[in-house]
Each structure stands twice: as structure tokens, then as C-alpha cells.
Amino acid sequence: MQDTVAVALITALSTLAAAALTGLVGSFSTRRQLAHQLTVARQENAERRATRRDELRRDAYVGFLSACDQAYRRLDRRWVEAGGDEPAPGYDEAYAAMRAVDEAYNLVLLEGPAEVASAARSVLTSVTAEYADQRRLGGEPGDATVPLRERHRERWLAAIEVRTDRRISFVDVVRPVLDRDGVTPTNGGAG
């Protein structure tokens, strides 16, 4: 009978040991699977955040350039229209367009990076300077029936050159940032 108890005891202990070993192996396996799934989830979340950041940056940059184009159109109108250089005190269409550039610049500041914000600041400064120049030149005595462009041709040409240079510099800084982030203007954001 002692042999039977010993065999039963050995069988029970080996069954318990096998169950414990199976549980331990299963626990390690589950832990590894969960760790892997957590890593994959974190990577996917980071990729989604990066993609969203890239889209927001691109939208901010495009919005800024669009606002600049609107401001340039208003400034061009003031250069070529005779008598159109007498804006309402403190507010006119060109001023409204400049405010839109300033608002778009704020988005560029938020989205960054610093080198893009700096290039955008140069564009904004040039738009503001051109507007101030137009107001000053328009307030000078002279024939109001002759467009500013004709009365101050050198200033007009210089303003066009500055705006072109600043905009090109902005785009030159933006392109590598968008390429680095995986968003290029030609692939529409697919990276």
C-alpha cells in the first residue's frame, strides 16, 4: 500500500509541477505578447501623432502662403490704382489682408519648427513694410490721379523683389521640413 501512496503522491506532484511549469511558460508568453502589442500600439500612436502634426504643419504653411498671396493682391491693387491710395483711417482691404497674414503667421509659429517661423516672420515683416511704405508714399503731395507705381517706380520694383525673395526663402526652408516629416507637396501627405 505504501507503494501505491508513493506512486499517487509522485503522480500528483508531477501533475502539479507540470501545471505550474505550463502556467509559468504561459505567463511569460502572455507577458511577451502583451509587451509586443503595447510596443506596436505605441508606435502606431506615435505615427498617427506624427502624421497629424505633419498635416497641421503643411496646412499652416499653405494657409500662410495663401494669406500672403491675398495680401500681395491687395498691395498690388494699391500700387496700380489711381487715387486708390487713400484708405479709410486705420483700416482698409490691404490692412485686412495683412491681418490675415498675421493670423496665418501665428499658426506657423505654433506648428514650427523655429527655422520656418523665422522665415515666415521675414515674409510678414516685408508685407508690413510694403504696406507702411504705400501709406507713406500715398500721403505725399502729388497727383492722386497717377498710380503709386508710376510715381514711385523704383520703390514698387524694390517691393516686388523683396516679396519674391522672402516668399522663395520661406518655401526653401519649408520644403526640407516637409520632406523630413514625410510630407511632400507632390504626394499630398502620404509618407
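This passage walks through helix packing, salt bridges and aromatic pairs in a predicted model.

The packing of helix H1 against helix H5 is a good place to start. H1 covers residues 2-80 and H5 covers residues 153-180, and their axes come within 12 Å of each other, crossing at roughly 175°. With angles over 145 degrees counted as roughly antiparallel, that crossing makes H1 roughly antiparallel to H5. On the H1 side, the contact is made by Arg57, Arg58, Tyr61, Phe64, Leu65, Asp69, Tyr72, Leu75, Asp76 and Trp79. H5 brings Arg155, Trp156, Ala159, Ile160, Arg163, Arg167, Phe170, Val171, Val174, Val177 and Leu178 to the contact. Sorted by type, the residues in this H1–H5 contact are 14 nonpolar and seven charged, with no polar ones.

Two of the charged residues in that contact pair up across the helices. Arg167 and Asp69 form a salt bridge, their closest N and O atoms sitting 3.3 Å apart. Since Arg167 belongs to helix H5 and Asp69 to helix H1, the pair ties together parts that are 98 residues apart in sequence. Both ends keep some accessibility: Arg167 is partly exposed at 27% relative accessibility, and Asp69 is partly exposed at 29%.

Aromatic side chains also bridge H1 and H5. A search of the whole structure turns up three aromatic pairs. One of them joins Tyr61 and Phe170 in an edge-to-face arrangement, with 6.2 Å centre to centre and 90° between the planes. Tyr61 lies in helix H1 and Phe170 in helix H5, so this pair ties together parts that are 109 residues apart in sequence. Here the partners are tucked away: Tyr61 is buried with a relative accessible area of 2%, and Phe170 is buried at 0%. Phe64 joins in as well, since Tyr61, Phe64 and Phe170 form one aromatic cluster.

Another aromatic pair sits elsewhere, between Tyr95 and Tyr131. This one is tilted, with 6.3 Å centre to centre and 50° between the planes. Tyr95 is in helix H2 and Tyr131 in helix H3, 36 residues apart, so the pair links distant parts of the chain. The two tyrosines differ in burial class: Tyr95 is partly exposed, with a relative accessible area of 29%, whereas Tyr131 is buried at 7%.

Helix H3 also carries Val127, which is buried with a relative accessible area of 1%. Leaving aside residues up to four places away in sequence, Val127 touches Ala71, Tyr72, Leu75 and Met98. Tyr72 and Leu75 are also among the H1 residues that make the contact with H5. Val127 and Val101 are 26 residues apart along the chain, and their C-alpha atoms are separated by 8.6 Å.

Between H2 (93-111) and H3 (114-138) there is a loop, and Pro113 is placed in it. The backbone does something worth flagging at this point: the peptide bond from Gly112 to Pro113 is cis, with omega near -5°.

Back to charged pairs. Side chains of opposite charge can pair when their charged atoms come close. In this model the count comes to 13 salt bridges, and the Arg167–Asp69 bridge described above is one of them. Another joins Glu55 and Arg52, at 3.7 Å from N to O. Glu55 and Arg52 both lie in helix H1, three residues apart, or about one turn of the helix. Glu55 is partly exposed at 34% relative accessibility, and Arg52 is partly exposed with a relative accessible area of 45%.

Asp54 and Arg53 form a salt bridge too, with the closest N and O atoms 2.9 Å apart. Burial is uneven in this pair: Asp54 counts as buried at 5% relative accessibility, while Arg53 is partly exposed at 33%. Salt bridges can also be traced as a network, one that links Arg74, Arg77, Glu81 and Glu93.

Notes: Residues are numbered from 1 along each chain as its sequence is written. This is a predicted model: local features need pLDDT of at least 70, side-chain atom pairs count only at pLDDT 80 or more; totals for chains, interfaces and linings use all residues. Side-chain values use heavy atoms; hydrogens and water are left out. Axes are lines fitted to C-alpha atoms, for helices over the stretch in contact, and angles run from 0 to 180 degrees between N-to-C directions. Helices (H or I, at least four residues) and strands (E, at least two) are DSSP runs, numbered from the N terminus. Angles under 35 degrees count as roughly parallel, over 145 as roughly antiparallel, 65 to 115 as roughly perpendicular and the rest as oblique. Contact means heavy atoms within 4.5 Å. Ala, Val, Leu, Ile, Met, Phe, Trp, Tyr, Cys and Pro count as nonpolar, Asp, Glu, Lys and Arg as charged, and the others, Gly among them, as polar. A salt bridge is a side-chain nitrogen of Lys or Arg within 4 Å of a carboxyl oxygen of Asp or Glu. Buried means under 20% relative accessible area, exposed over 50%, partly exposed in between (1.4 Å probe, protein chains only). Rings of Phe, Tyr and Trp (its six-membered ring) pair if their centres lie within 6.5 Å; planes under 30 degrees apart count as stacked, over 60 as edge-to-face and the rest as tilted.
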